[in-house]
Amino acid sequence: MKYVDEFRTPELIGKAGDEIRRLADPNRHYRIMEVCGGHTHAIYRFGLKDLLPDNVELIHGPGCPVCVLPMGRIDDGLSLAAQPNFIFAAFGDMMRVPGTHGSPLEYKARGMDVRIVYSPADALKLARNNPEKHVMFFAIGFETTAPSTALTLMRAKAEGLHNFSAFCNHVTIIPAIRAILDSPDMRLDGFVGPGHVSTVIGCRPYDWIAKDEGKPVVVSGFEPLDILQSIMMLLRQLRKGEAKVENQYKRVVPWEGNRAALRAMGEVFELRPYFEWRGLGFISQSALKIRASYAEWDSEQRFSVPGVRVTDPKAAQCGEVLKGVLKPAQCKLFGRECTPEQPVGALMVSSEGSCAAYYNYEHRKPVTIANAAAN
Amino acid sequence: MCLAIPGRIVELDAQNSNQALVDVVGVRRKVDLGLLQDEPPVPGDWVLIHVGFAMSKISEVDALDQMRTLTMLGEAEAAMQEVRGYGLEHEEQGSPGQRLKQ
């Protein structure tokens with residue numbers, strides 16, 4: 001009964017499960033992708049899969065920034081930071097992500113100056129406090145975090161702070177969804193749209209998924225009831241043969257997004273012609289690079305980057321799991337060579353990674369609201 | 001990293017209009033307001049914070065909901081660690097990286 005008491009409205013959760021059963025056509029199999037890793041985490045943590053009928057299947061999407069980053073970019077960042085008088089600054093999520101010769105944390109153990117920051121603004125402060133060193137911020141994230149990196153670079157330029165740069169790995173969610181829809185082995189019926197990315201980009205960028213691809217999208221919050229309600233909204237549309245974009249998370253997501261954040265991104269970033277994603281390969285115009293007007297604060301324009309391309313460890317099937325083709329436990333390394341304590345692949349590192357979520361909540365199977373109710 | 005942490009604006013920074021002091025469950029830290037320049041918050045307003053930047057204004061009810069969601073997700077401690085880690089003030093306490101935990 002572990003999580004039952006934590007729900008504000010356990011009876012509503014049960015009702016939502018009943019309604020989903022009622023809405024789902026028993027002669028159909030539904031494949032719904034939750035795009036965002038935060039949703040994947042919530043789905044496992046709350047045991048929501050146990051509330052769904054067998055013919056409503058959730059497929060985990062690519063919305064976990066450290067998961068989709070190919071290993072070569074980590075190697076590139078670490079090799080830059082191996083220069084004398086360099087500080088490698090990154091969010092905590094990055095610290096245990098394996099590169100070819102170890103994670104940032106392992107490089108730190110070997111003597112590299114590696115710092116955890118909680119905000120790009122803190123990396124900027126490190127640069128102010130260490131004028132004799134160069135601080136490189138290893139920037140990752142979708143549109144949720146990209147505006148903060150943009151503003152930080154604007155502040156660095158305004159201040160004339162020259163010992164600071166960002167190694168930009170920001171990616172954008174829409175091309176990744178397009179790549180998934182274009183892949184021949186993937187059949188999907190609808191999308192639970194990302195919550196916090198949408199606070200920045202709003203709901204309009206998903207229009208084409210409904211109009212051109214005929215698939216419904218519901219932007220969703222992160223509470224159990226939010227996610228179940230979003231699945232209900234998707235099933236209602238599918239039942240009526242509709243495909244439109246709806247916003248379940250109105251209390252946080254404005255339809256138009258955050259214009260100030262979009263302006264900051266437009267000032268500092270432009271689209272890369274292409275970028276490599278783990279599992280999805282090269283996707284055109286799917287990532288951000290720093291504009292020439294900010295070249296001095298761009299690690300890639302300022303320093304020479306090796307441009308490393310490496311494949312993942314052969315036995316690890318991160319790519320297949322990322323694409324939703326394999327479930328985490330179907331990977332040969334899952335739970336044996338690859339665990340949250342000793343991750344081989346990035347999906348086991350971040351709490352937003354589907355392997356870590358599956359390992360922590362499904363593999364070890366705690367009592368959830370759903371299976372507690374059955375007892 | 002994609003955590004959205006609710007906080008209440010305590011006071012705007014008189015020296016730096018881009019910053020404000022926020023209260024997150026009793027912990028006070030400076031956050032950057034640059035992404036809310038189209039609708040600047042005032043003391044008493046609730047905001048969602050991502051990586052040290054206030055990203056959107058929300059209601060008090062939604063702020064409490066969000067904190068509960070973080071608790072249910074088992075992310076409340078990580079969120080508080082993140083907030084405590086914001087190093088925009090306290091220059092004398094050294095750099096944020098010195099708090100690196102292994």
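Two strands are taken to pair if DSSP finds at least two bridges between them. In this predicted model, that condition is met by strand β1 (residues 30-36) of chain A and strand β7 (residues 190-193) of chain A, which are joined by three bridges and run parallel. Within this pairing, A:Glu34 stands opposite A:Val192 in β7(A). On β2 (residues 56-63) of chain A, β1(A) has another parallel partner, and here six bridges make the connection. Along that pairing, A:Arg31 of chain A has A:Glu57 as its bridge partner in β2(A), while A:Cys36 stands opposite A:Gly63 in β2(A).

These pairings belong to an open sheet of five strands, whose order in chain A is β2-β1-β7-β8-β9 and whose pairing is parallel. The edges of the sheet are occupied by β2 and β9 (245-247) of chain A, and because each of them has a single partner strand, one side of each is left without a neighbour in the sheet. From one strand to the next, the twist averages 20°. Strand β1(A) is largely enclosed by the rest of the structure, because six of its seven residues are buried. In general, the strands of a sheet pair through backbone hydrogen bonds, and the pairing is either parallel or antiparallel.

Two helices are described here in relation to this sheet. Helix α2 (residues 37-45) of chain A forms, together with β1(A) and β2(A), a right-handed β-α-β unit. The same helix, α2(A), packs on the sheet and touches β1, β2 and β7 of chain A, with a direction that makes about 120° with that of β1(A). Helix α11 (residues 224-240) of chain A lies across β1, β2, β7, β8 (217-219) and β9 of chain A, and runs at about 150° to β7(A).

The surroundings of α2(A) can be described residue by residue. Nine of the nine residues of α2(A) are buried, so the helix is largely enclosed by the rest of the structure. Among the buried residues of α2(A) are A:Gly37, A:His39, A:His41, A:Ile43, A:Tyr44 and A:Arg45. The elements against which the buried residues of α2(A) pack are β1, β2, α3 (65-68), β7, α11 and α15 (354-363) of chain A. Just after α2(A), A:Gly47 takes a positive phi of about 65°.

A further buried position is found in strand β5 (residues 134-141) of chain A, which contains A:Ala139. A residue counts as buried if 20 or more other C-beta atoms lie within 10 Å of its own, and A:Ala139 is therefore buried, with 29 such atoms within 10 Å. Not counting residues up to four places away in sequence, A:Ala139 touches A:Pro120, A:Thr149, A:Ala166, A:Phe167, A:Cys168, A:Asn169 and A:His170. One of these contacts shows how the chain brings together separate parts of the sequence, since A:Ala139 and A:Cys168 are 29 residues apart in sequence and 5.0 Å apart in space, C-alpha to C-alpha.

For chain A as a whole, there are 16 helices and 13 strands. The radius of gyration of chain A is 21 Å, close to the 21 Å that the globule rule gives for 375 residues, so chain A is as compact as a globular protein of that length. The C-alpha trace of chain A spans about 65 × 45 × 40 Å along its principal axes. Of the 375 residues in chain A, 55% are buried. Among the contacts in chain A between residues at least 6 apart in sequence, 76% join residues at least 24 apart.

Backbone angles in two loops also deserve a description. Most residues other than glycine have a negative phi. In the loop between α4 (71-81) and β3 (86-90) of chain A, A:Asn85 has a positive phi, near 60°. With 10 C-beta neighbours inside 10 Å, A:Asn85 counts as exposed. In chain B, B:Val25 lies in the loop between β2 (19-24) and β3 (27-32) and has a positive phi near 45°. B:Val25 is partly exposed, with 14 other C-beta atoms within 10 Å.

The contact between the chains takes 38 residues from chain A and 32 residues from chain B. On the side of chain B that touches chain A, at least two residues are supplied by each of β4 (46-50), β5 (53-58), α1 (60-72) and α2 (76-85) of chain B. By class, this side of chain B has 16 nonpolar, eleven polar and five charged residues.

Notes
Residues numbered from 1 in each chain as written. Chains lettered and ligands numbered in written order. Predicted model: local features only at pLDDT ≥ 70, side-chain atom pairs only at ≥ 80, totals over all residues. Buried ≥ 20, exposed ≤ 12 C-beta atoms within 10 Å, placed from the backbone. Helix = DSSP H or I, 4+ residues; strand = E, 2+ residues; numbered from the N terminus. Right-handed = clockwise from strand over helix to strand, strands pointing away. Axes fitted to C-alpha atoms, helices over the stretch in contact; angles between N-to-C directions. Contact = placed C-beta atoms within 7 Å. Nonpolar A, V, L, I, M, F, W, Y, C, P; charged D, E, K, R; others polar. Rg over C-alpha atoms; globule rule 2.2 N^0.38 Å.
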